[in-house]
Amino acid sequence: MSDIEGNIQAKVKKLLEDGMIKYFIGYESGSDPLHTTPCFIKKAEDVDKIVWNPFCVNNLVGYLTDDKKREIKKDEEKKTKSIGILVKGCDSKSLVQLLSEHKIEKNEVVIFGVSCNGVINPKKLEKLLNGKSIPLDSLTLQSDGKNYIVTSDKKKYSFPKDKIEMDKCRDCTQPNTLIYDEFFGEKIKTDAKKDYTAVEEIEALPLEKRWEFWSDQFAKCIRCSACRNVCPVCYCKECAVDSADLVITPQTTSVEKANKMPWLEKNVELAENIFFHLTRMMHIAGRCINCGECERACPMNIRLSLLTKKLEKEVKGMFDYEAGIDVEAKPLLSIFEEGDPGEFIK
Amino acid sequence: MSSSNKFKKEDFVIKKKDVSQFLKGLSDYTIYAPHNEDDTILFKAIVNPDEITLQFTNSVKPPKHIVLPQTETMLKITRDKEKGYKIDEPELKEKNILFGIRPCDAKGIAILDKVFSEDYEDPYYTKRRKNTILIGFACIDPHRNCFCTSVGGSPDSTDGLDMLWTDIGDRYYVSVLTKKGMELIKKSDTFSKVTSKNTKVKDQVHKTANDKISEKFNADALPKKLGNMFEDKYWDNMSMKCLGCGSCTYLCPTCYCFDINDIEYRDKAKRVRTWDSCQFSSYTIHTSGHNPRPNKENRMRNRIYHKYKYHYDNYNVLGCVGCGRCITYCPVDMNIKATIKELTKR
Ligand code: SF4
Ligand code: SF4
Ligand code: SF4
Ligand code: SF4
Ligand code: SF4
């Protein structure tokens, strides 16, 4: 157990015992050694379930708005206590974004910040392990900075860090949680720059090739909505791309119901799939913080982060704006500045 | 829907190098087989046997969509000068072969057969199903999340199959299980009689694969156990991390919930049936706005109850074949094996 893990556990224990939080959102061991899974710790005696290691991939911030969406509150949830949450650097940008959009208020959360050396993409690691027929059962993992040392069945194997970590970690500019109440670990310095090589490769393709590429990608989509539901900034209760998921309450009149526009049907066809994704992209422009969760969640391995990185690049280039950095910042699409660098604005 | 009643099973072998010749002789059929594209294994209509990969644990999507498409046009309506309008129904004459389907997924189709033909005969499903031949491949190297042996299946189960092929080195051991299967064999001269040595190797391959699924538990107790767990706190806690996406249900070989919508265009319309998922908040919403399953714990409970109780109560077979996809592809690592184990303990 790392110091960080132990210190987090101790702090959560204290907060729960003192009645300062209703629960803590963190990570616990998952279904196999390559996965952790989100956990919700309500009792002080459960804190030793909490883990902190390079498999702590999920962005937990979305659970904060999820909590508010519950239609029927249980009694214990009606108390206005805050929620404790463990937030990595990248994920903290989504928290900042939600705070700036007033979807969450600061007094509703106790933020556990950490320094993060990168998290592992289980798919990449598993492929390498399978390639060498390395069994998973007894697998443990350590890092020496540049490499991960995997121990399995008493044998050691070394894998270069950049071969198995999440793509987002390779150009991470935010390894420390941006805003926090408690911080765990030593702050990490980095001079990393955002890498848009993959986006530029697509941009460089002729129009027909790009169309072909994206048609192939979107044709694979089964519209399971995992990408949307995992997204911390896709919190709308009434989602434009989910025709049936419109908010209908007993107060909604029949006229209102009849006039609800089904923007998108449930049929899974290329045109509908494209509409789904492009609408979502428009709605998260200037709000997406590239946590990479949508791409990770996608069972069909659709390259969604190429789109989200493209958005980030455009937003930066056109408006010199970056989402999730400043709690006081106004949302990009609700501001106008004469100094906007984009040509079209003049 | 078994056509195997009076059929006498027979076994053959085919040399691996002859498989392509056998497949080429089946030009009356559309052959769907596993295909690897960018590390994503999916069943695809193949044109050339070279496109098939048989080095796979299982496909991301089960091939159930070939008998139950995610989007199915039930009828088309067009304007007609004389009659005012014209209705076209699909003929569904296409003959399909599912080559390389895994035993769990074939069992999944056997489960769907009952749903779509027992109480009510669904013409779309049954027509497609009648025209589809299932050639199964016994698993050699089950995935760590596979648990077929705990829910009445096995890596060499024959439920739903017309043939089961087993890799025995330089050839496949072919167990022909139905008349439909036998008709295909007769079309080709690439099959020869089995030797007792072939049979021994086949049995050993089956045993090795079975032994690789080390984890076994007894799911049979669940239909009864769940009977009095409807209001249990367990559901509140275990579902907290669920995102309510459709991954686990859309990728499940036995999930069959669907929705029907009429889609209008300028001067035509179509009626489509699409998959639906009990994990979506819109799944049970009433026109009044009332939702009997308002929160995710209600929806998660429904999924588990359907698999391990309702389906058993209705059809005397569990509604889960243990393929493990709902674990592997869940973005939050929801572990149905852990759920079953926890429930059986109670
Ligand atoms: S992007 Fe940065 S903060 Fe986020 S997981 Fe990777 S290294 Fe950690
Ligand atoms: S997660 Fe993937 S398959 Fe599911 S809706 Fe999103 S892009 Fe489509
Ligand atoms: S769109 Fe994807 S990368 Fe952007 S915030 Fe949402 S989940 Fe993260
Ligand atoms: S795939 Fe996982 S997160 Fe999505 S609905 Fe199923 S259990 Fe919930
Ligand atoms: S419930 Fe899960 S393990 Fe069972 S058949 Fe469905 S996807 Fe497979």
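**Exercise 1. Place A:Glu208 in this predicted model, and say which residues share its patch of negative charge.**

Step 1: Start with the secondary structure. A:Glu208 sits in helix H9 of chain A.

Step 2: Check the accessibility. The relative accessible area of A:Glu208 is 58%. Exposed means over 50%, so A:Glu208 is exposed.

Step 3: Look for its companions. On the surface, a patch of negative charge brings together A:Glu208, A:Glu212, A:Asp216, B:Glu37 and B:Asp38.

Step 4: Ask where the patch gets its largest share. Helix H9 of chain A, residues 207–219, supplies three residues, and that is the largest share.

**Exercise 2. Work out how the rings of A:Tyr180 and A:Phe183 are arranged.**

Step 1: Set the scene. Over all chains, the structure holds 26 aromatic pairs.

Step 2: Take the geometry of this pair. The ring centres of A:Tyr180 and A:Phe183 are 4.9 Å apart, and their planes meet at 55 degrees.

Step 3: Compare with the cut-offs. Planes under 30 degrees apart count as stacked and those over 60 as edge-to-face, with the rest tilted. At 55 degrees, the pair is therefore tilted.

Step 4: Add the surroundings. A:Tyr180 has a relative accessible area of 31%, so this residue is partly exposed.

**Exercise 3. Which parts of chain B does the pair of B:Phe147 and B:Phe217 tie together?**

Step 1: Describe the pair. B:Phe147 and B:Phe217 are 5.7 Å apart from centre to centre, with 35 degrees between the planes, and the pair is tilted.

Step 2: Locate each partner. B:Phe147 belongs to the loop between strand E7 (132–137) and strand E8 (163–167), while B:Phe217 belongs to the loop between helix H5 (196–212) and helix H6 (222–226).

Step 3: Draw the conclusion. Because the partners lie in these two loops, the pair ties together parts of chain B that are 70 residues apart in sequence.

Step 4: Finish with accessibility: B:Phe147 and B:Phe217 are both buried.

**Exercise 4. Is B:Tyr172 buried or exposed, and which aromatic cluster includes this residue?**

Step 1: Find the strand. B:Tyr172 is part of strand E9 of chain B, residues 171–176.

Step 2: Apply the cut-off. Buried means under 20% relative accessible area, so B:Tyr172, at 7%, is buried.

Step 3: Name the cluster. B:Tyr172 joins B:Phe12, B:Phe22, B:Phe99, B:Phe137, B:Trp165 and B:Phe191 in one aromatic cluster.

Step 4: Set sequence beside space. B:Tyr172 and B:Ile14 are separated by 158 residues in sequence, yet their C-alpha atoms are 5.4 Å apart.

Methods. Residues are numbered from 1 along each chain as its sequence is written. Chains are lettered from A and ligands numbered from 1 in the order in which they are written. This is a predicted model: local features need pLDDT of at least 70, side-chain atom pairs count only at pLDDT 80 or more; totals for chains, interfaces and linings use all residues. Side-chain values use heavy atoms; hydrogens and water are left out. Patches are made of residues with over 30% relative accessible area and no salt bridge: like charges are joined within 9 Å, nonpolar side chains (Val, Leu, Ile, Met, Phe, Trp, Tyr) within 5 Å. Accessible areas come from the Shrake-Rupley method with a 1.4 Å probe; for residues, only the protein chains shown count as cover. A salt bridge is a side-chain nitrogen of Lys or Arg within 4 Å of a carboxyl oxygen of Asp or Glu. Lys and Arg count as positive and Asp and Glu as negative; His and the chain ends are not counted. The place of a charge is taken as NZ of Lys, CZ of Arg, CG of Asp or CD of Glu. Helices (H or I, at least four residues) and strands (E, at least two) are DSSP runs, numbered from the N terminus. Buried means under 20% relative accessible area, exposed over 50%, partly exposed in between (1.4 Å probe, protein chains only). Rings of Phe, Tyr and Trp (its six-membered ring) pair if their centres lie within 6.5 Å; planes under 30 degrees apart count as stacked, over 60 as edge-to-face and the rest as tilted.
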